[in-house]
Amino acid sequence: MTPKIKGIIDRRILINYQVDKEVLDIYLPAPFKPKLVNGKGIAGVCLIRLKEIRPKGLPKQIGLSSKNGAHRIAVEWIEEGELKEGVYIPRRDTSSKLNSFAGGTIFPGIHHLAKFSVDEYDGRYKVAFVSDDNTSLSIEARETDYWNEESVFGSARCASQFFESGSVGYAPYKNYFEGLELKAYTWQVTLLDVLDVKSSFFQNEEIFPKGSVKFDNALLMKDIEHEWIGLKRIKSH
């Protein structure tokens, strides 16, 4: 099991899409099923910049920094007779050679090594990455106070609560799923107005047929102290 890891979320952007349930029913492996909001599945990418990352109990001076991207799908599943919720993470990408090398051991799941570019100024964000297998993502956004009225969520508060409850994530590795829980000491999100977003994963029509995916919203978190807690593996069916 992954040891408890502590650090700071320097910046976290959650790019969120609404996806047709039928598409996710086909894509998701058992035991996971899509968690729905007003009849739509929710998926996206978490772009997270971490600092001072180290095993809990060790000084922050030895902590590591990295830029990371996690593709996520909101899911539910039954575990020991109880309904659970969280996210299924089909892939992770990282700027850290250590994270990539240690994926499946220190850090759960496979981590693809990727080249990130980041430009942040005056409340504007340009973030992009291209991974070792040419998976790519780019986003240009700016901070805003306005909520997307076309969202499946009724308000920014509803969206924030939804993603806060999805703090448990499982990623495929060999013949099981490795789990990790994000324990944020505080939870505060602000809104982003997305000017442009491109995702080779969500634009792959072999997985997501044309018209089955629509951008929904983007949220921003900054300067959040947190822990990552390893969870018991789930055997794949």
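Partly exposed means a relative accessible area between under 20%, which is buried, and over 50%, which is exposed. Keep that in mind for the views below, which all come from a predicted model.

**View 1. Lysine 21 and aspartate 25 pair up within helix α1.** Here you're looking at a salt bridge between lysine 21 and aspartate 25, whose closest N and O atoms sit 2.6 Å apart. Both belong to helix α1, which covers residues 21-27. The two are four residues apart in that helix, so about one helical turn separates them. How accessible is lysine 21? Its relative accessibility is 33%, so lysine 21 counts as partly exposed. Aspartate 25 gets the label partly exposed too, at 36%.

**View 2. Aspartate 20 meets lysine 40 in a salt bridge.** In this close-up, the N to O distance between the two side chains is 2.5 Å. Which strands do the partners come from? Aspartate 20 is in strand β1 and lysine 40 is in strand β4 (residues 40-55), so this pair ties together parts that are 20 residues apart in sequence. Aspartate 20 is partly exposed, with 22% relative accessibility. Lysine 40 is partly exposed as well, at 25%.

**View 3. Glutamate 120 and arginine 49 form a salt bridge.** Check the closest N and O atoms of this pair: they are 3.1 Å apart. Glutamate 120 comes from strand β7 and arginine 49 from strand β4, so parts that are 71 residues apart in sequence get tied together. Is arginine 49 buried or exposed? With a relative accessibility of 19%, arginine 49 counts as buried, because the cut-off for that label is under 20%. Glutamate 120 has a relative accessible area of 28% and is partly exposed. Now widen your view a little: Asp10, Arg11, Arg49, Lys51 and Glu120 are joined into one network by salt bridges that share partners. Across the whole structure, a search turns up 18 salt bridges.

**View 4. Leucine 47 sits in the largest nonpolar core.** This core has 34 residues, and the members that touch the most others are Ile13, Phe32, Leu47 and Ile139. Strand β1 (residues 5-20) provides the largest share of the core, with four residues. There's another core apart from this one, made of 28 residues, including Leu14, Ile42, Ala74 and Ile89. In soluble globular proteins, nonpolar side chains tend to be buried together. What does leucine 47 touch? Leaving aside residues up to four places away in sequence, its contacts include Arg11, Arg12, Ile13 and Ile15. Also among them are Asn68, Gly69, Val127, Phe129, Leu137 and Ile139.

**View 5. Two cysteines, cysteine 46 and cysteine 158.** Which one is buried? Cysteine 46 is, with a relative accessible area of 5%. Cysteine 158 is partly exposed, and its relative accessible area is 37%. How many disulfides does the count give? The count comes to zero.

**View 6. Leucine 113 on strand β7.** You'll find leucine 113 in the strand that covers residues 111-121. Leucine 113 counts as partly exposed, because its relative accessibility is 30%. How far is leucine 113 from glycine 211? Their C-alpha atoms are separated by 30 Å, and the two residues are 98 residues apart along the chain.

How values were computed:
Residues are numbered from 1 along each chain as its sequence is written. This is a predicted model: local features need pLDDT of at least 70, side-chain atom pairs count only at pLDDT 80 or more; totals for chains, interfaces and linings use all residues. Side-chain values use heavy atoms; hydrogens and water are left out. Buried means under 20% relative accessible area, exposed over 50%, partly exposed in between (1.4 Å probe, protein chains only). A nonpolar core is a set of buried Ala, Val, Leu, Ile, Met, Phe, Trp, Tyr and Cys residues joined through side-chain atoms within 4.5 Å. Contact means heavy atoms within 4.5 Å. A disulfide is a pair of cysteine sulfur atoms within 2.5 Å. A salt bridge is a side-chain nitrogen of Lys or Arg within 4 Å of a carboxyl oxygen of Asp or Glu.
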